[in-house]
Amino acid sequence: MCTPAQIVSAVAVESIKKATLVSLLEHGTAYKIPGGESSMFIKNNLIPPPIYTNIAKAFEANDKERLADVVKEGAADLRKDSNFGLAKQVVSALTSRRLINISRTYATITLEGIARALEIPEDSVEAEVLRLNRQGQIRARINPQTSMVEFLEPDTAVSTDVICQLQSALCQSAAATEKLRDLHANVLTHPLIVSRAVSNSQHAGSVAAAGPGVMMRDDGYAEEYL
């Protein structure tokens, strides 16, 4: 979309459609065309088709009902663009984004309260909380006796995970160190190694005893050399 060109290509037009939906999924905001006023899209006064613009507006307004209606009404065009699957993900993402906002607002809240805020059945709330919890987007605990959800501080939850990871790494490191020590001890006490060390020591002692100018032969006899 940012490649210099005199006209807008069909590829660029299709790209901005997908970019609009992907930006909502990733950032929660509509896609902004890079390049400033020099962009060929701005030069040609081109914007995403109304269906994509309306999806972005409904998402940013946190209007789930309107968003679902827009996607339903534009289903034919979205399917034609091969973007209907992405659009349905955007609808689901709005529910997730709402739950993330709730986790930042409340310390504890009932499953019923979350269901009302998300506009989904209460029996679907627990699955949604657990899904975002597994993905690391929120940190929460569910009390089945009281039907309460407790949102944890991110730093506290992460530090607990980090501690567990560090403990596991330390145990692995200690085990590896112990194996290396055992291997080192086995090497030092191996009969071949001990025999070679003794032989080298005896040979060195014989050379020293023979004095300078004398070389020890392999048969054990000294040979004088100049």
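Let's start with a word you'll meet a lot here: a residue is called buried when its relative accessible area is under 20%, exposed when it is over 50%, and partly exposed in between, using a 1.4 Å probe and protein chains only. The areas themselves come from the Shrake-Rupley method, and for residues only the protein chains shown count as cover.

What you're looking at is a predicted model, where local features need pLDDT of at least 70, side-chain atom pairs count only at pLDDT 80 or more, and totals for chains, interfaces and linings use all residues. Residues are numbered from 1 along each chain as its sequence is written, and side-chain values use heavy atoms, with hydrogens and water left out.

Take Glu73 to begin with. With a relative accessible area of 62%, Glu73 is exposed, and you'll find this residue in helix H4, which covers residues 64–73. (Helices here are DSSP runs of H or I with at least four residues, strands are E runs of at least two, and both are numbered from the N terminus.) Glu73 has company: together with Asp63, Glu65 and Asp69, Glu73 makes up a patch of negative charge on the surface. A patch takes in residues with over 30% relative accessible area and no salt bridge, joining like charges within 9 Å and nonpolar side chains (Val, Leu, Ile, Met, Phe, Trp, Tyr) within 5 Å. For this purpose Asp and Glu are negative and Lys and Arg positive, while His and the chain ends are not counted. Each charge is placed at NZ of Lys, CZ of Arg, CG of Asp or CD of Glu.

H4 also has a residue of another kind. Leu67 sits in helix H4 and is buried, at a relative accessible area of 0%. Leu67 belongs to the largest nonpolar core, a group of 20 residues in which Ile55, Phe59, Leu67, Val71, Leu78 and Val90 touch the most other members. Helices H1 (10–26), H3 (50–60), H4, H5 (75–80) and H6 (84–105) each put in at least two residues, and H6 gives the most, with seven. Such a core is a set of buried Ala, Val, Leu, Ile, Met, Phe, Trp, Tyr and Cys residues joined through side-chain atoms within 4.5 Å. In soluble globular proteins, nonpolar side chains tend to be buried together. Leu67 and Val90 are 23 residues apart in sequence, yet their C-alpha atoms are 8.8 Å apart.

Further along the chain, Leu132 lies in helix H8 (residues 122–135) and is buried too, with a relative accessible area of 0%. The C-alpha atoms of Leu132 and Leu99 are 8.7 Å apart, with their positions 33 residues apart along the chain.

Now for the charged pairs. A salt bridge puts a side-chain nitrogen of Lys or Arg within 4 Å of a carboxyl oxygen of Asp or Glu, and by this rule the count is seven. One of them joins Arg98 and Glu119, at 2.8 Å from N to O. Arg98 is in helix H6 and Glu119 in the loop between helix H7 (111–118) and H8, so this pair ties together parts 21 residues apart in sequence. Arg98 is buried at 8%, while Glu119 is partly exposed at 47%.

Another salt bridge links Arg131 and Glu128, with their closest N and O atoms 2.6 Å apart. Both lie in helix H8, three residues apart, about one turn of the helix. Arg131 is partly exposed at 27%, whereas Glu128 is buried at 13%.

Note on methods
Accessible areas come from the Shrake-Rupley method with a 1.4 Å probe; for residues, only the protein chains shown count as cover.
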